[in-house]
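This report describes a structure in terms of its fold, its symmetry, its cysteines and its nonpolar core. The sequence and the structure are shown below.

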Protein chains: 2
Amino acid sequence: MPGDHSSKQYDLDLEAIRSKVLSMGGLVESQFNAAIECFRGGNAARCDEVIKNDESVNRLEVALDDACSHLIVKRQPAANDLRMVIATLKVITDLERVGDESTKIARTAKALHERGLVGVLNHYESIRLMANTSAELLHDALDAFARLDHKQAVRIIGQDAVIDHEFGAVLRAMITFMMEDPRTISTALDTLWVAKAIERIGDHAKNIAEYVIYVVEGRDIRHTDYVQTQKAS
Amino acid sequence: MPGDHSSKQYDLDLEAIRSKVLSMGGLVESQFNAAIECFRGGNAARCDEVIKNDESVNRLEVALDDACSHLIVKRQPAANDLRMVIATLKVITDLERVGDESTKIARTAKALHERGLVGVLNHYESIRLMANTSAELLHDALDAFARLDHKQAVRIIGQDAVIDHEFGAVLRAMITFMMEDPRTISTALDTLWVAKAIERIGDHAKNIAEYVIYVVEGRDIRHTDYVQTQKAS
């Protein structure tokens, strides 16, 4: 049983890790925004920058996983405290994957630039709405994680249908382009890969929100009808 | 410091968890195979079965996360032992996502059935190769996790390019269909979503292999050129 002193030290160590996870979140958010900027028409150098910066995201993942693991061994947290560390470990994985998706968007944007195809389709507008929704969900999920805001987490999980709906709109727009002019097929597919990546980023935001609820509630609400129940009540 | 007795108990508890993770792996493998079977031309009832079985995968995820967490609190493992528990927690997340991707394949297959479109394109052959590769990688990754086989894990990580190559082949085949007959666009896109899901399953197999190396080597090789170095030596 840790005494008061080591329990206080535990809190300090945990707070240091949480603050670094939030920095990682900030980096990943700016990677996503930059990638969307590239897709809209940034230059190839900007795309390369996003791709290069993913290394920093990856380094943070490894360092933070390590910090969590050290914390467990050194401070031997009780069940309640451990829940936060496990949630943090899972949040780190999701953030790293958001970094990966942002890199994929930047790579696609770069390929479009190289083929001189940026702006050939009116693809940006159809993507913008989705990107805004996902960026907002990611931001709100990190905020909910920082403040352990249970209500906000529940709200985020309920937004899944919005992204699905917006993806459907992109899909229909791209099918129309392809039907009208088969020469646009390749570019339309690139746009759809970007839309898929944005959809994934929304999924990761939802995962983060679920971990917040897991910490706050001390119960695992993944794969339950918990959110429906909360909305109905 | 745990004594001999509690250390032995730790080993037993850990072994029980590992064995359940492997059962979860087996379930997830059969979900993936069944989903591909559905895509080839199974009936709608079979698709529903895959979708329904995902609930069992989800329940296993929650139960196993919980078991890992209890193990840490009860047995307070030292750094080396903890590494295995953390790797197990991450493997569980990857397996659950493989279940999700399999469900997505089954849903797409069901939609194709409902539109009477199975076999309209020669899409199965173009998918088969990819599905076989991913299924093999997943199987080998679980096997490497069971036996903590470091060599096999390294080999799995090196197979990434194979899946990418096979995805490229599916993509080209689908673009050809769409160019030749724009009425096939919607069905070709469905095939591409299935291909993406299969690609993801390959990624999860790779993640599992990375966790095996993390446990065996006691170092985090994610995002390093470790695999290149091993292959060169």
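## Fold and contacts of chain A

In chain A, among contacts between residues at least 6 apart in sequence, 83% join residues at least 24 apart. The model is a predicted one. The secondary structure of chain A consists of 8 helices and 0 strands, and its pattern along the sequence reads α-α-α-α-α-α-α-α. Chain A has 233 residues, of which 54% are buried. The area that chain A exposes is about 10,100 Å², and carbon and sulfur atoms supply 50% of that area.

## Relation of the two chains

How is chain B related to chain A? A turn of 180 degrees, with a shift of 0.0 Å along the axis, lays chain B on chain A with an RMSD of 0.0 Å. The two copies are therefore related as by a two-fold rotation axis. In chain B, the C-alpha nearest this axis belongs to B:Q76, at 3.1 Å from it. Both copies use the same surface, since 100% of the contact residues of chain B recur in chain A.

## Cysteines

Over all chains, the count of disulfides comes to 0. A disulfide would require two cysteine sulfur atoms within 2.5 Å. For the sulfur of B:C38, the closest cysteine sulfur is in B:C47 at 3.7 Å, which is too far for a bond. The converse also holds: the sulfur of B:C47 has its closest cysteine sulfur in B:C38, again at 3.7 Å and too far for a bond. The table gives the burial of these two residues.

| Residue | State | Relative accessible area |
|---|---|---|
| B:C38 | buried | 0% |
| B:C47 | buried | 0% |

## Nonpolar core

Which residues touch the most other members of the largest nonpolar core? This core has 147 residues, and the residues in question are A:I105, A:M178, B:I105 and B:M178. When residues up to four places away in sequence are not counted, A:I105 touches A:F32, A:A35, A:I36 and A:F39, and also A:V194, A:A197, A:I198 and A:I201.

## Summary

In this predicted model, chain A is built with 8 helices and 0 strands. The two copies are related as by a two-fold rotation axis. No disulfide is counted in any chain, and A:I105 is among the residues that touch the most other members of the largest nonpolar core.

Terms used: Residues are numbered from 1 along each chain as its sequence is written. Chains are lettered from A and ligands numbered from 1 in the order in which they are written. This is a predicted model: local features need pLDDT of at least 70, side-chain atom pairs count only at pLDDT 80 or more; totals for chains, interfaces and linings use all residues. Side-chain values use heavy atoms; hydrogens and water are left out. Copies are superposed by least squares on the C-alpha atoms of residues with pLDDT of at least 70 in both. Contact means heavy atoms within 4.5 Å. Helices (H or I, at least four residues) and strands (E, at least two) are DSSP runs, numbered from the N terminus. Buried means under 20% relative accessible area, exposed over 50%, partly exposed in between (1.4 Å probe, protein chains only). Accessible areas come from the Shrake-Rupley method with a 1.4 Å probe; for residues, only the protein chains shown count as cover. A nonpolar core is a set of buried Ala, Val, Leu, Ile, Met, Phe, Trp, Tyr and Cys residues joined through side-chain atoms within 4.5 Å.
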